[in-house]
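Biologist: Could you pick one part for me and go through it closely, then set it in its surroundings? Please explain your cut-offs as you go.

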Amino acid sequence: MAPTPGRLGEAIAGGSEALARAGIASPVREARRLLALATGSSEAALGPEVSPTVTGRYRRLVEARARRVPVALLEGETGFLDFDVAVRPGVFVPRPETEELAERALVELRLLPFPPWALDLGTGTGVLAVALARARSDATVVAVDVSPRAVACARWNVRAHGLNGRVEVRRSDWFSHVPERFHLIVANPPYVARPDLPALEPEVRRYEPRRALDGGDDGLASLRTILAAAPRHLYPGGTAFVEIGHDQGPAVLRLAQGFPGWVEARVERDLAGKERFFIGRCG
Ligand SMILES: C[S@@+](CC[C@H](N)C(=O)[O-])C[C@H]1O[C@@H](n2cnc3c(N)ncnc32)[C@H](O)[C@@H]1O
């Protein structure tokens with residue numbers, strides 16, 4: 001049962017108890033955040049009393065969070081680098097590791113001595129495509145996803161950032177509707193091995209779309225497809241930045257060695273020290 005708050009302190013205490021019972025790691029902090037969301041402002045702007053309207057809204061938010069609905073879905077948006085994107089049910093919520101992927105790709109993008117063409121494979125909310133297009137006003141980006149919900153969400157975010165003319169969002173099964181070549185490819189594909197899916201935290205297992213996560217029996221199914229085909233869609237000297245699972249570095253490098261076109265391939269670690277990014281250059 002969620003709390004029935006009246007005063008501010010009681011509201012936070014009741015909410016945090018419900019969240020703690022549901023296994024939320026930082027229940028007090030999250031209760032404060034949900035209360036701020038319920039009021040539409042910061043908690044500091046509240047008086048000591050909580051109005052019945054806010055109480056009802058807060059109770060529904062606490063109940064949803066206790067069912068482990070991700071905070072970003074409750075808020076309807078999430079931050080990425082220095083901007084926000086809308087998130088929608090059925091569309092993958094961007095993660096901090098992917099910000100690190102974006103930062104690497106942005107370094108490369110900024111160095112290109114001509115107007116860059118970039119491809120974002122499996123765009124989800126469109127977050128990587130938006131990051132690339134925001135970084136250079138002469139960049140053109142194609143963003144693809146197989147999921148119609150993701151395509152709709154990415155189009156929304158592209159429009160919200162005023163990038164309509166420079167980011168084209170397409171429905172495509174990886175490269176099926178991508179005939180072009182690019183200077184840069186970014187991808188955060190599904191890479192969880194199917195047997196590992198049941199062990200994911202409830203927020204991910206219950207609310208993220210399965211096809212955003214499921215990398216097939218060995219986790220490498222999408223990576224295999226992408227690494228095999230990417231060289232045909234990169235100009236000579238073009239680079240791919242691909243997020244991978246923390247234990248997939250050696251296997252991914254072996255894959256790249258087996259596919260023609262890659263002249264350089266390396267794996268880099270994320271800030272947590274885990275192998276997380278494949279970076280490959282084409283000849
Ligand atoms: C882990 S999510 C990444 C989303 C976004 N790029 C991000 O980093 O937040 C993987 C995305 O790949 C998409 N996807 C899965 N299979 C695909 C396929 N065969 N072709 C295109 N996109 C696919 C999913 O719909 C999902 O949006």
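**A loop, a helix and their setting**

Modeller: Happily! L81 is partly exposed, because 16 other C-beta atoms lie within 10 Å of its own; a residue is buried at 20 or more such neighbours, exposed at 12 or fewer, and partly exposed in between, with C-beta atoms placed from the backbone. This is a predicted model, in which local features need pLDDT of at least 70 and side-chain atom pairs count only at pLDDT 80 or more, while totals for chains, interfaces and linings use all residues. Residues are numbered from 1 along each chain as its sequence is written.

L81 sits in the loop between β1 (77-80) and β2 (83-86); helices (H or I, at least four residues) and strands (E, at least two) are DSSP runs numbered from the N terminus. Its phi is near 50°, a positive value in a residue other than glycine. Most residues other than glycine have a negative phi. R68 also has a positive phi, of about 75°, although R68 is not a glycine. You will find R68 in the loop between α3 (52-66) and α4 (71-75), and R68 counts as partly exposed because it has 16 C-beta neighbours inside 10 Å.

Now to helix α7, where V158 lies. V158 counts as buried because 25 C-beta neighbours fall inside 10 Å. Leaving out residues up to four places away in sequence, V158 touches G126, A129, V130, L163, N164, V167 and V169; contact here asks for C-beta atoms, placed from the backbone, within 7 Å. From V158 to H183 there are 25 residues in sequence and 21 Å in space, C-alpha to C-alpha. R159 also belongs to α7 (residues 148-160), but R159 is partly exposed, because 13 other C-beta atoms lie within 10 Å. Between R159 and V130 the C-alpha distance is 9.8 Å, across 29 residues of sequence.

What about α6? This helix is mostly covered, with 7 of its 9 residues buried: V127, L128, A129, V130, A131, L132 and A133.

The ligand comes next. It has 23 residues around it, the closest being P94, G122, G124, V146 and N188; near means that the C-beta atom, placed from the backbone, lies within 6 Å of the molecule. Two or more of these shell residues come from each of α6 (127-135), β4 (140-145) and α9 (210-213). The shell holds 11 nonpolar, 9 polar and 3 charged residues, where Ala, Val, Leu, Ile, Met, Phe, Trp, Tyr, Cys and Pro are nonpolar, Asp, Glu, Lys and Arg are charged, and the others, Gly among them, are polar.

Stepping back, the protein chain has 11 helices and 9 strands. Its radius of gyration, 21 Å, is close to the 19 Å of the globule rule for 283 residues, so the chain is as compact as a globular protein of that length; the radius is taken over C-alpha atoms, and the rule is 2.2 Å times the number of residues to the power 0.38. Domain 1 covers 8-67 and domain 2 covers 77-282, with bounds from an automatic or database domain assignment, and their C-alpha centres are 35 Å apart.

Finally, confidence: pLDDT, the predictor's confidence in each residue from 0 to 100, averages 95 over the protein chain, and 95% of the residues score at least 70. Residues 1-5 stay under 50. Where pLDDT is low, the predicted coordinates should not be read in detail.

Conventions:
Contact = placed C-beta atoms within 7 Å.
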